Amino acid sequence: MKVDLASRALGGSVVAASDESFGVKERLIEPAEPAFVPGTYDDRGEVVDGWETRRHAHGDWAIVRLGIGGRVRTIDVDTRFFAGNHPTGCRIDACVLDPVSDAAAAAVQWTPIVETVALKPDSHNVFAVDDPRRYTHVRLQLESDGGVARLRVYGDVIPDPALWEDVTVEVSGVEQGGRVEWSSDSFYSDARVLIAADRPRNMGDGWETRRRRDIGPDTHDAVMISFAVPADLQRVEIDTSRFVFNASREVAVLGSRATPNGEHGWALVPFDVEVLARTRIAPDARQVFVVAATDITALRVQAYPDGGIARVRVFGRPTQQGIALLHSIWEASA
């Protein structure tokens with residue numbers, strides 16, 4: 001499943017923009033989907049859920065510091081609800097900067113990752129990126145004035161190996177390259193939130209499946225979480241905060257020592273290492289379990305009889321092979 005490297009939820013920030021007369025730049029990276037209520041006005045004009053510049057300008061721009069540096073795979077310039085006021089086109093550039101650097105300085109060396117393209121109104125404008133390097137900032141360069149609802153920068157987290165040396169790491173966390181690869185059901189909410197960096201804010205900020213009616217002794221939902229590199233696991237936290245009346249009753253955690261199998265991905269990977277035996281869990285509570293499982297590449301968390309979990313956090317240390325792999329990925333992305 002995709003990771004939005006720019007999202008405010010992961011620490012992304014819109015650090016500069018040429019203009020924000022009608023819609024503030026910060027809305028570009030809000031995790032929520034854009035919304036619009038026609039006929040609603042304030043001192044800026046009609047209220048928009050996005051970044052919108054004044055009329056008759058040319059070449060407006062906004063710079064986003066990614067919440068997590070990584071390899072960019074796909075960019076979505078989302079112009080939903082901007083129909084008569086969308087930009088005519090855009091270009092997207094990227095660079096690597098320290099967080100305290102002035103990203104708007106003239107001396108910054110930007111690399112185009114999406115060449116100039118036309119933009120459709122009121123649409124997802126999705127562009128593939130073919131660049132193996134790691135970036136920390138992107139610049140949305142418009143060909144005109146106009147409004148953009150959201151900028152999504154999907155890609156792969158590339159962790160800094162120096163931050164993994166000789167410490168225990170939340171290897172499941174999206175900030176460390178953890179990924180939700182699959183879930184059996186995400187009827188009420190997306191399973192990707194399970195590995196978010198923050199604490200759950202409400203019951204909608206977690207993984208909730210539909211209610212199962214075919215309950216048997218082994219009925220369960222499940223989610224697969226992969227790690228950036230193999231790790232030796234020490235702790236598993238199952239957090240059901242905010243799930244008072246609909247938390248999963250029990251969980252089991254199985255591990256794998258394998259890697260994705262070609263075209264089938266994780267579908268045929270065996271999860272045959274018992275990390276945590278089937279265990280009763282409490283609603284609306286954080287529960288930490290001591291585990292000992294070595295050389296694990298991914299987990300399958302099974303929720304009985306159905307899914308109501310806010311967060312899953314898995315702590316461990318990368319194996320020697322894992323550290324070597326982290327270094328090779330880091331060096332290849334420079």
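This is a walk through the predicted model, going from the whole chain to single residues.

**Whole chain**

Start zoomed out, with a cartoon on. You should find one helix and 21 strands. The radius of gyration is 22 Å, close to the 20 Å from the globule rule for 334 residues, so the protein is as compact as a globular protein of that length. Line the view up with the principal axes, and the C-alpha trace spans about 65 × 45 × 35 Å.

Now colour by burial: 52% of the 334 residues count as buried. Switch to a surface and you are looking at about 15500 Å² of accessible area, with 50% of it belonging to carbon and sulfur atoms. If you draw a contact map, look away from the diagonal: among contacts with a separation of 6 or more, 78% are between residues 24 or more positions apart.

**Charges and salt bridges**

Next, show the charged side chains. There are 37 positive and 49 negative ones, and the centres of the two sets lie 3 Å apart. The salt bridge count comes to 26, and a few of them deserve a stop.

Select Arg 133 and Asp 131. Their closest N and O atoms are 2.9 Å apart, in a salt bridge. Arg 133 is partly exposed at 34% relative accessibility, whereas Asp 131 is buried at 7%.

Move on to Arg 179 and Glu 181, whose side chains form a salt bridge with an N to O distance of 3.5 Å. Here Arg 179 is partly exposed at 23%, and Glu 181 is partly exposed too, with a relative accessible area of 22%.

Then pick Arg 286 and Glu 237, a salt bridge with 3.1 Å between the closest N and O atoms. This pair ties together distant parts of the chain: Arg 286 sits in strand 19 (residues 286–304) and Glu 237 in strand 16 (residues 221–239), 49 residues apart. Buried or exposed, what is Glu 237? At 4% relative accessibility, Glu 237 counts as buried, while Arg 286 is partly exposed at 47%.

For a cluster, select Asp 4, Glu 33, Asp 78, Arg 80 and Arg 152 together. Salt bridges with shared partners join these residues into one network.

**The loop at Ser 7**

Go to Ser 7, in the loop between strand 1 (3–4) and strand 2 (13–17). Despite the loop setting, Ser 7 is buried, at 7% relative accessibility. Which residues does Ser 7 touch, leaving out those up to four places away in sequence? Gly 12, Ile 29 and Pro 31. For a distance check, draw a line from Ser 7 to Arg 44: the C-alpha atoms are 25 Å apart, with the two positions 37 residues apart along the chain.

**Backbone oddities**

Most residues other than glycine have a negative phi, and most peptide bonds are trans. Three places here go the other way.

- Tyr 304 and Pro 305 are joined by a cis peptide bond, with omega about -10 degrees. Pro 305 lies in the loop between strand 19 and strand 20 (308–309).
- Phe 81 has a positive phi, near 75 degrees. Look for Phe 81 in the loop between strand 6 (61–78) and strand 7 (89–95), partly exposed at 40% relative accessibility.
- Asp 166 also has a positive phi, near 60 degrees. Find Asp 166 in the loop between strand 12 (150–157) and strand 13 (169–170), exposed with a relative accessible area of 67%.

Key. Residues are numbered from 1 along each chain as its sequence is written. This is a predicted model: local features need pLDDT of at least 70, side-chain atom pairs count only at pLDDT 80 or more; totals for chains, interfaces and linings use all residues. Side-chain values use heavy atoms; hydrogens and water are left out. Helices (H or I, at least four residues) and strands (E, at least two) are DSSP runs, numbered from the N terminus. The radius of gyration is taken over C-alpha atoms; the globule rule is 2.2 Å times the number of residues to the power 0.38. Buried means under 20% relative accessible area, exposed over 50%, partly exposed in between (1.4 Å probe, protein chains only). Contact means heavy atoms within 4.5 Å. Accessible areas come from the Shrake-Rupley method with a 1.4 Å probe; for residues, only the protein chains shown count as cover. Lys and Arg count as positive and Asp and Glu as negative; His and the chain ends are not counted. The place of a charge is taken as NZ of Lys, CZ of Arg, CG of Asp or CD of Glu. A salt bridge is a side-chain nitrogen of Lys or Arg within 4 Å of a carboxyl oxygen of Asp or Glu.
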